[in-house]
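User: Please take a close look at the surroundings of the ligand in this model. Which parts of the chain contribute to them, and how do those parts fit into the whole?

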Amino acid sequence: MSAIAWDLPDDIRAVREGLIDFARKEVLPRHETHRALFDDPRRLYRKDGRFSDALKGLIGEVRRAAARAGYYNMCVPEHLGGGGLGHLAYYAGWEALFHLCGPHNWLMLYVISHWAFGPSRLLEKVTPEARERILGPMMAGEASMCFGLSEPGAGSDAAALATRAVKDGEGWRLTGRKIWTSNAPVADYCIVFAQTDPERAAARRGGISAFLVPTGSAGFEVQRVIKLFGHIGGDEAELRLEDVRVEPWQLVGDLHQGFAAALYGVSLGRIYNSARAVGYGRWALELALDYAKTRKAFDRPIADYQGVTFPLAESATELHAAHLMGLNAATLLDQGHPAIKELSMAKAYSVQVGYRAVDRAMQTHGAMGFTNEVGLHHAWHSLRIVNVADGTNEILNRSIVQRLLKGDTEV
Ligand SMILES: Cc1cc2nc3c(=O)[nH]c(=O)nc-3n(C[C@H](O)[C@H](O)[C@H](O)COP(=O)(O)OP(=O)(O)OC[C@H]3O[C@@H](n4cnc5c(N)ncnc54)[C@H](O)[C@@H]3O)c2cc1C
């Protein structure tokens, strides 16, 4: 890591070190022991594309161990029973895990509660009854959820969603479709965003609400698992909701104000993905440096050729800049600053340079760079996707330029 002139606060530094120890004890050995499972997609996925029972078992073990150790809920508000740490801890924790574990040891994805899959600050305003009924198993790592915002007709323009919540007595009935919903094939609950006031929603003045819906509810259907990049299974799904009954206790936050919660969730996703890109980028860069020192061509280590090493120097520079941007954006959020521009910049820049670092590491490895055992392609795939998930690069540029044109020109 390039030198950074200031250090993380003591508590976050300690958590970061603790996470690294935890991953060394609970994540890396599980991958080692179950290498045959992880190397065989036919054992990772069922025929319908969902995770196999063996994989779900391992994920559950890591989640529950992380919950017992206090890492899983470290960024969940204290009044919900979590550790109360903020955005900087979330960024630093994820960056450390991605850097240590790389794309091979991906059970680490379940060490800290991912904002869309488990408890986080997004659930800050759940009702006392939801806390009572749902939060316990989620905090213990026994149950998980998913985040149903995107729809076939509403991606970048998420506020154009068409799912309706029609009043029915005290509660509502939800009807609509969701797509790309991560973790949906295995989730126990889904936060569904729906129009509760179509007129206000059409005028983009609120009118959208968020509901916590058990995925086993009558009328809730996982229609299909979406398979990305030639995989035989996947973690994203398409959902259909048909007259799904929800009660007032299932409302998350204020009625008609759910879109603000959706945007906050996406912000957490941007922090997570900025950290993922820098962590994977650093992992790939170190792999490339090691390889360049040992691989020989024309009687010399390829590290002697500037054609090989200058791209690595560029990646080190870019990753250092991205790291500082991520730390800065997370700190601004902890200070109560909305950081729309800074977080958009950090996410867009980090995923582009992280992806480029992985691509350059592939090139450094020659043909070895495409092998399953080196595994660079896993990081390459995942960062390619992150150029779209949680706000495409174009939408992030749109947010940045909107802020600039409003006079927020500080850079
Ligand atoms: C792996 C993965 C996981 C995901 N997980 C979830 C999830 O858990 N929950 C969820 O709700 N969603 C999820 N998404 C959906 C994600 O949020 C959307 O894919 C994203 O918002 C883009 O929407 P879209 O794919 O419909 O692209 P579109 O909105 O159709 O955009 C297509 C292209 O047009 C460009 N474009 C659109 N508008 C503009 C504009 N104004 N200016 C310039 N360019 C523009 C886009 O940048 C893009 O290049 C996930 C996506 C992926 C890939």
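Analyst: By class, the shell around the ligand comprises nine nonpolar, seven polar and three charged residues. The model is a predicted one. In total, 19 residues surround the ligand, and the closest of them are L149, S150, G155, S156 and T392.

Three elements each supply at least two residues of this shell: strand β1 (145-148), strand β3 (171-182) and helix α12 (393-405). Two domains take part as well. Because domain 2 (145-252) and domain 3 (265-405) both give residues to the shell, the ligand lies between them.

Strand β3, one of the contributors to the shell, also belongs to a hairpin with β2. Strand β2, residues 164-168, pairs with β3 in the antiparallel sense, over five bridges. Within this pairing, R164 stands opposite T175 of β3. Two residues lie between the strands of the hairpin, and G169 adopts a positive phi near 65 degrees there.

The wider setting is a protein chain with twelve helices and ten strands. Its C-alpha atoms fill a box of roughly 80 × 55 × 40 Å along the principal axes. The radius of gyration of the protein chain is 22 Å; a compact globule of 411 residues would have a value near 22 Å, so the two agree. Buried residues account for 46% of the 411 residues. Of the contacts between residues at least 6 apart in sequence, 72% join residues at least 24 apart.

How values were computed. Residues are numbered from 1 along each chain as its sequence is written. This is a predicted model: local features need pLDDT of at least 70, side-chain atom pairs count only at pLDDT 80 or more; totals for chains, interfaces and linings use all residues. A residue is near a molecule or strand if its C-beta atom, placed from the backbone, lies within 6 Å of it. Helices (H or I, at least four residues) and strands (E, at least two) are DSSP runs, numbered from the N terminus. Ala, Val, Leu, Ile, Met, Phe, Trp, Tyr, Cys and Pro count as nonpolar, Asp, Glu, Lys and Arg as charged, and the others, Gly among them, as polar. Domain bounds come from an automatic or database domain assignment. The radius of gyration is taken over C-alpha atoms; the globule rule is 2.2 Å times the number of residues to the power 0.38. A residue is buried if 20 or more other C-beta atoms lie within 10 Å of its own, exposed if 12 or fewer, and partly exposed in between; C-beta atoms are placed from the backbone. Two residues are in contact if their C-beta atoms, placed from the backbone, lie within 7 Å. Two strands pair if DSSP finds at least two bridges between them.
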